[in-house]
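Please open the model in your viewer and keep the selection panel at hand. The stops below say what to select next and what is there.

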Amino acid sequence: MQYQSTRDKTQKVSASEAILRGLSAEGGLFVPEQLPRLPEQRLERMVNQDYIQRAQEILGDFLSDFLPAEIESCLKSAYGSGKFSGSSIAPLAKLGEDAYLLELWHGPTCAFKDMALQLLPQLMVASAQKSGDGREIVILVATSGDTGKAALEGFCDVPGIRIIVFYPEEGVSPLQKLQMATQEGENVFVAAIQGNFDDAQTGVKRLFTAPGVIQKLKEQKRAFSSANSINWGRLLPQIVYYVSAYCDLVRDEQIVLGDPINVCVPTGNFGNILAAYYAKQMGLPIQKLICASNQNNVLTDFICTGTYDRNRPFYATTSPSMDILISSNLERLLFHLMEEDDAAVRELMESLKEKGRYTVSPQTLARLQADFDGGFCDEACTAATIKRLFDSYSYLCDTHTAVAVSVYEAYRARTGDDTKTVIASTASPFKFPHAVLSALGGETAGGDEFQIAERLAELSGCQVPGQLAGLREKTIRFTEVFSKEGMEEALEQALPNA
Ligand SMILES: *Cc1c(COP(=O)(O)O)cnc(C)c1O
């Protein structure tokens, strides 16, 4: 299977190249030329398989230049080596009659990014072996919090790879900051940036395409790659858990094979929900994809009107991983909705860059609305949802998940659609202890994040995950803050003998 660029279809690469490069040279994103199919007989077979076997089925189709044994070995290192608590990897928790929370946060950093970022480094090492040019890979990551730590964990001390993470100094939670600043490993570097996530992301894109920087890297026998959710190797592992969740629902007799489900996803960069869209396009019986936003509701407006407009206030919310005004992966969806018209995608992306906005055609909007619904939830509503879930179901959820639950409930009330719905639960509540404790009416004054997490544990009867509690003993390694313009300087510090 070949992959093509959303901005120039003549740019075609193999799966391993798409994973190594991250981004196409002219700035487009790689998408598969055609999608494998998931007919009912195939799903039926997968019902009785475990997570790794299901993943092997799906990845095998997409990674056609990998040997089955290579894929298996990657999957076993990612999901089979005890880094995920529990054997089901992504368990479902039933919420009331018709909703299920797909818990994607049982990995090493307690957020759903682990699902992809435990596997991506394995895929990248295997891809690099295929290309065989011996260059060191330099991973650049812009993060709104969770990606950074999950990438650092995934790439830590992976041979032949270095990783540099940029995060907005004021845009991540104290715990997220601590998780990154204490990261171990000889091949890692962490830089705080003055600005917000979009500044960090724009800066990384600039480094990626700056001719001077690329040339210098080449002389050092190095090459950039990306672990951001624009990398195909990030999206692919996410398709798996939607298929797996569907199989679990069939296995547990919650639905009958062939029954439609809806999927609701708390959305930022549009990666997670796009993976669900791909699963639907492959034939998984998904009816509606419900895109949930926080107060930064640029996607809600887009789905509603067909105009994407980032010229609006930016809100720092209690669900910081969704505080995003440019959702990069949307470009892939546009490419598919516009019948793979690369010139039209280029135009829209040009308009986004120049004017901060674009409008799609009525036909494209109709296609978008056939698959997607959207809604948003403000801060008060997020907190109220956390409290209500805890009071009604004794279920403790984080702020991002609460946004999705609230948008799902509003969707259901507005449309009367009572199709069984899988809601992506994207972080452990203990990753955002301050906001969650405050939503439950607990005392948040006084005490550091750890004491607040302890209070949350006491009040809820849940345990603080060991990965978070253990941070307290770790040494802080990275403290430097760089200006937006100083990202190149960070790069030089991060790369020895640069
Ligand atoms: C990254 C993240 C999101 C948003 O996911 P996208 O794929 O960027 O849309 C939602 N919730 C949490 C906890 C995250 O870390």
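Select Asn269 together with the ligand in this predicted model, and look at the backbone of the residue, where a polar atom is 2.7 Å from an oxygen atom of the ligand. Add Gly268 to the selection, since here too a polar backbone atom is 2.7 Å from an oxygen atom of the ligand. Then add Asn272, of which a backbone N or O atom lies 2.9 Å from a ligand oxygen.

With these contacts on screen, turn on a surface for the protein: of the 380 Å² of accessible area that the ligand has on its own, the protein covers 97%. Where does the ligand sit? The ligand is found in the largest cavity.

Next, widen the selection to the 15 residues around the ligand, of which Lys113, Asp146, Gly268, Asn269 and Thr426 come nearest. If you colour this shell by residue class, you should find five nonpolar, eight polar and two charged residues.

Now leave the ligand and switch to a cartoon view, selecting the open sheet of five strands, which are ordered β9-β6-β7-β8-β16 and pair in parallel. The edge strands of this sheet, each pairing on one side only, are β9, residues 222-226, and β16, residues 481-482. As a general point, the strands of a sheet pair through backbone hydrogen bonds, in either a parallel or an antiparallel way.

For the last stop, select β6, residues 136-142, along with β9: the two strands run parallel and are joined by five bridges. Within this pairing, Val138 has Phe224 of β9 as its bridge partner.

Terms used:
Residues are numbered from 1 along each chain as its sequence is written. This is a predicted model: local features need pLDDT of at least 70, side-chain atom pairs count only at pLDDT 80 or more; totals for chains, interfaces and linings use all residues. Side-chain values use heavy atoms; hydrogens and water are left out. A residue is near a molecule or strand if one of its heavy atoms lies within 4 Å of it. A polar contact is a pair of N or O atoms within 3.5 Å; within protein, one must be able to donate a hydrogen and the other to accept it, and residues adjacent in sequence count only if both atoms are side-chain atoms. Accessible areas come from the Shrake-Rupley method with a 1.4 Å probe; for residues, only the protein chains shown count as cover. On a 1 Å grid over the protein atoms alone, a cavity is a set of points where a 1.4 Å probe fits but cannot get out, and a pocket is an open set with protein on both sides within 12 Å along at least five of seven lines; lining residues have an atom within 4 Å of a point. A molecule sits in a cavity or pocket if more than half of its atoms lie within 2 Å of its grid points. Ala, Val, Leu, Ile, Met, Phe, Trp, Tyr, Cys and Pro count as nonpolar, Asp, Glu, Lys and Arg as charged, and the others, Gly among them, as polar. Two strands pair if DSSP finds at least two bridges between them. Helices (H or I, at least four residues) and strands (E, at least two) are DSSP runs, numbered from the N terminus.
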